[in-house]
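Colleague: Could you walk me through one part of this model in some detail? I'd like to start with a strand and how its neighbours sit around it, then hear about the rest.

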Amino acid sequence: MGLGRYNKKRNFNISSEPRGPKKPLTKNSDKKKSSKTLSFVIQKHAARRLHYDLRLELDGVLLSWAVPKGPSYDPTQKRLAVHVEDHPLDYATFEGSIPKGEYGGGEVIVWDNGTWQPISDPKKDLKKGRLEFHLKGKKLNGVWVLVRMGPPQEVGKENWLLIKRTDAYARSETDFSVTEQKPKSVISRKTIEDLQKKTLKTNQKRKRYYV
Ligand code: MN
């Protein structure tokens, strides 16, 4: 998909999000797939509506899905995952506050990260609308699947489901809710609420100085 859409939506003079390169970085794309580890990240994002952004590295970009309820270890829980625009690889470490009024305005923490491994050819699987993969993260592990509901559609309108496959890691949501029981950033150990308090303080200070 490329990063045109990502860059177009954002004003980098106002937002501290990373600017994406014009062309995705593809220096490793000719190497054997099996020899390269691919990274994944899940960001918790308190935008107008709280959601979790699942991002999977592929061909120099981060493929992205917005998951309103976040992931669940329970294979009976099918979590809506809206396919959104590709993000630059640098975005994987972005944590902070996107100013109000900007696209995606609100706080972002890196909720989980690690590596992912597609079970078969990821490009074919994405076209087919069924991508199965292993996650090796700090919170999420085991086999997961993304399934598209219906035919391909425009970016931002395509609804997929994120589902845990039954394996040794699978657990019932009533016994263990990973989003509730593990709310902190894997980078800073901060919660979304910690960042929101900080944003509030910064805004109050600004008012005092400039109003
Ligand atoms: Mn988001």
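**Strand E4 and its surroundings**

Modeller: Sure, starting with the pairing: E4 and strand E9 (residues 158-164) run antiparallel to each other, with 5 bridges between them. To find your place in that pair, look for Val-82, which stands opposite Asn-159 in E9. Keep in mind throughout that this is a predicted model.

E4 has another partner as well: strand E3 (residues 61-67) is joined to E4 by 5 bridges, and this pair is antiparallel too. Here the handy marker is Leu-62, which stands opposite His-87 in E4. So what does that leave of E4 (residues 79-88), buried or exposed residues? With under 20% relative accessible area as the cut-off for buried, 9 of the 10 residues of E4 are buried, so the strand is largely enclosed by the rest of the structure. As a reminder when you look at the side chains, in a regular strand they alternate between the two faces of the sheet.

Next, the metal. The manganese ion is coordinated by His-45 through ND1, His-51 through NE2 and Asp-53 through OD, at 2.2 to 2.3 Å. Along the chain, these donors follow the spacing H-x5-H-x1-D. Are the two histidines buried or exposed? His-45 has 8% relative accessibility, so it counts as buried. For His-51 the value is 14%, so that residue counts as buried too. Water is not among the atoms, so a site like this may look incomplete.

Now step back to the whole chain. The secondary structure comes to 4 helices and 9 strands, and reading along the sequence gives the pattern α-β-β-β-β-β-β-α-β-β-β-α-α. The radius of gyration is 18 Å, close to the 17 Å that the globule rule gives for 211 residues, so the chain is as compact as a globular protein of that length. Along its principal axes, the C-alpha trace spans about 55 × 45 × 30 Å.

As for what is inside and what is outside, buried residues make up 46% of the 211 residues. The chain exposes about 12,100 Å², and carbon and sulfur atoms supply 51% of that area. Finally, a word on contacts along the sequence: taking those between residues at least 6 apart, 58% join residues at least 24 apart.

Key. Residues numbered from 1 in each chain as written. Predicted model: local features only at pLDDT ≥ 70, side-chain atom pairs only at ≥ 80, totals over all residues. Heavy atoms only, no water. Donors = N, O, S within 2.8 Å, 3.2 Å for Na, K, Ca; no water. Buried < 20%, exposed > 50% of the residue type's maximum accessible area, 1.4 Å probe, protein only. Helix = DSSP H or I, 4+ residues; strand = E, 2+ residues; numbered from the N terminus. Pairing = 2+ DSSP bridges. Rg over C-alpha atoms; globule rule 2.2 N^0.38 Å. Contact = heavy atoms within 4.5 Å. Areas by Shrake-Rupley, 256 points an atom, 1.4 Å probe, with all protein chains shown as cover.
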